[in-house]
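Dear colleague,

I am handing over the structure below, and I would be glad if you could look through it alongside the notes that follow.

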Amino acid sequence: MARGEFRAAVLILGTVALILPTFSPLCGDEGNSDAAAVAPASEAEFAGATIISKQQSEATPGPLGLGSAPLGHQLVYQTNLRRISRGLAPLKAAAELMEAAQFHSDWMAEHNCFAHHCDGEPSTLERLENAGYLNRTCSGEVVAGGQSTAGEVVDYWMNSPQHHDIILSSAYREAGGGYAFSDSATYHHYWTMDLGARNDAQGNPVYPVVINDEAWSTTNLDVDLYVYGSDWPASQMRFRNEGGSWSSWESFSAHKTWTLSCGGGSLPTVYAQIKKGAVVLESSDEILVDMPLSASPSLLVFLSEEGSSEAIPESYLLEISCCDNWNASANPSWIKLSEESGSGATNLTAYLEGYPSTPGTYLGTISIQASAEQADMQVVLVVTNGALQQSKVPLVSIQRS
């Protein structure tokens, strides 16, 4: 399709396409240890692209319905969803690229400029260096203006051949997104995503580990890891959680199922090491655990004979599932708990002490509280007026809402 045809097609969709010179990224072999020889040396060697913007007749600031994830992070995640659907590796959200992209989005919104490099702003490569993204082996950038959600932005990029080729390139291993809003700027919403690959200070390639395709949070401690390094090629790998011990070395695979810890007051983090010969490379990734509080069993039934101080069963093992600090309480006081506070997923024991000994059915509650959540378990004590095997125990039922 000729450029004029592309512009016409875009205009039919109510969008404006601004065409900038497109430069091919200068990317060396990912395993090349001479970063200086393969890193882009000038702005003209940076991977620019067509810039697509959509003029909105009405735009308002405010939440964009993307959950609690920063919009720049959402940009990386939405890109990864498209990459994965095409059999490509997910990109790691790198803090340095996030900072560089956010700087540019802020600058565009504040100065009403829509370009890869605005007047008075550091150049694209200077932004990366200022943010600490050094020893690059490959760099690229895509920008957009006017779209109100990260998913919409990535869809527009996917429909542009130049952007499509950059965000789906296998040369990149990391990315960072930035978003800014200005009600006085032309396009209101300004988006930037910087992509890259780099070496470490020793000249070894930086091979990330990515949790759940770089989703912002998870409701399950069991996660999927993508481990870079197959083209190194790495021969072995191992993992650990924050504060934990390393797992045993195992044969390298790009995919691994792993169980997170709750973080112990810090952000749950997975550390990965890959090995080739005597060289060991390490990386890490983080994810928020948004695990709803739950406690089981929901019903505890104790049986006892009149005048006896022994109940059947003697105790129940309660399973607490959450990734937060919790407190446990019981009412009436004859319901006892082995622990009254804790953190994260754990077990505690519930038993009876000093409970009523006259025949009847007695009810109680165990409550587990974590942040704004509460999980309740009903306790039923049935005291019979004779031997248990000779007594009629009332049927206990729970009405669920």
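**Strand S4 and its partner**

In this predicted model, strand S4 is mostly covered, since 10 of its 10 residues are buried. S4 runs antiparallel to S6, and 9 bridges join the two strands. Within that pairing, Ser139 stands opposite Gly196 in S6.

**Met193**

Strand S6 also holds Met193, whose relative accessible area is 0%, so this residue counts as buried, for which the cut-off is under 20%. Met193 and Glu141 are 52 residues apart in sequence, yet their C-alpha atoms are 5.7 Å apart in space. When residues up to four places away in sequence are not counted, Met193 touches a set of residues that includes Gly140, Glu141 and Val142, together with Leu75, Val76, Thr79 and Ala101, and also Trp157, Ile167, Ala175, Gly176 and Gly177.

**Helix H4**

One of the residues that Met193 touches, Ala101, is also among the buried residues of H4. The others buried in this helix are Leu97, Met98, Ala100, His104, Ser105, Trp107, Met108 and Ala109. The buried residues of H4 pack against the helices H3 (71-85) and H5 (124-130), and also against the strands S3, S4 (136-145), S5 (174-181) and S6 (189-198). As a check on the geometry of H4, its 17 residues should span 24 Å at 1.5 Å a residue, and because its end C-alpha atoms are 24 Å apart, the model agrees with that expectation. Just after H4, Asn112 takes a positive phi of about 50°, which you may wish to view in the backbone.

**The largest pocket**

The largest pocket holds about 260 Å³ of space. It is lined by 14 residues, of which His73, Ala93, Trp216, Asp285 and Glu286 are the closest to its centre. Which elements supply at least two residues each of this lining? They are strand S3 (92-93), helix H4 (95-111) and strand S14 (279-286), and the largest share, 3 residues, comes from S14. By residue class, the lining of the largest pocket divides into 8 nonpolar, 2 polar and 4 charged residues. Helix H4 thus appears twice in these notes, as a contributor to the lining of the largest pocket and as a helix whose buried residues pack against S4 and S6, among other elements.

With kind regards

Note on methods. Residues are numbered from 1 along each chain as its sequence is written. This is a predicted model: local features need pLDDT of at least 70, side-chain atom pairs count only at pLDDT 80 or more; totals for chains, interfaces and linings use all residues. Side-chain values use heavy atoms; hydrogens and water are left out. On a 1 Å grid over the protein atoms alone, a cavity is a set of points where a 1.4 Å probe fits but cannot get out, and a pocket is an open set with protein on both sides within 12 Å along at least five of seven lines; lining residues have an atom within 4 Å of a point. Grid points are joined across faces, edges and corners, and a volume is the space filled by probe spheres set on the points. Helices (H or I, at least four residues) and strands (E, at least two) are DSSP runs, numbered from the N terminus. Ala, Val, Leu, Ile, Met, Phe, Trp, Tyr, Cys and Pro count as nonpolar, Asp, Glu, Lys and Arg as charged, and the others, Gly among them, as polar. The expected span of a helix is 1.5 Å times one less than its number of residues. Buried means under 20% relative accessible area, exposed over 50%, partly exposed in between (1.4 Å probe, protein chains only). Contact means heavy atoms within 4.5 Å. Two strands pair if DSSP finds at least two bridges between them.
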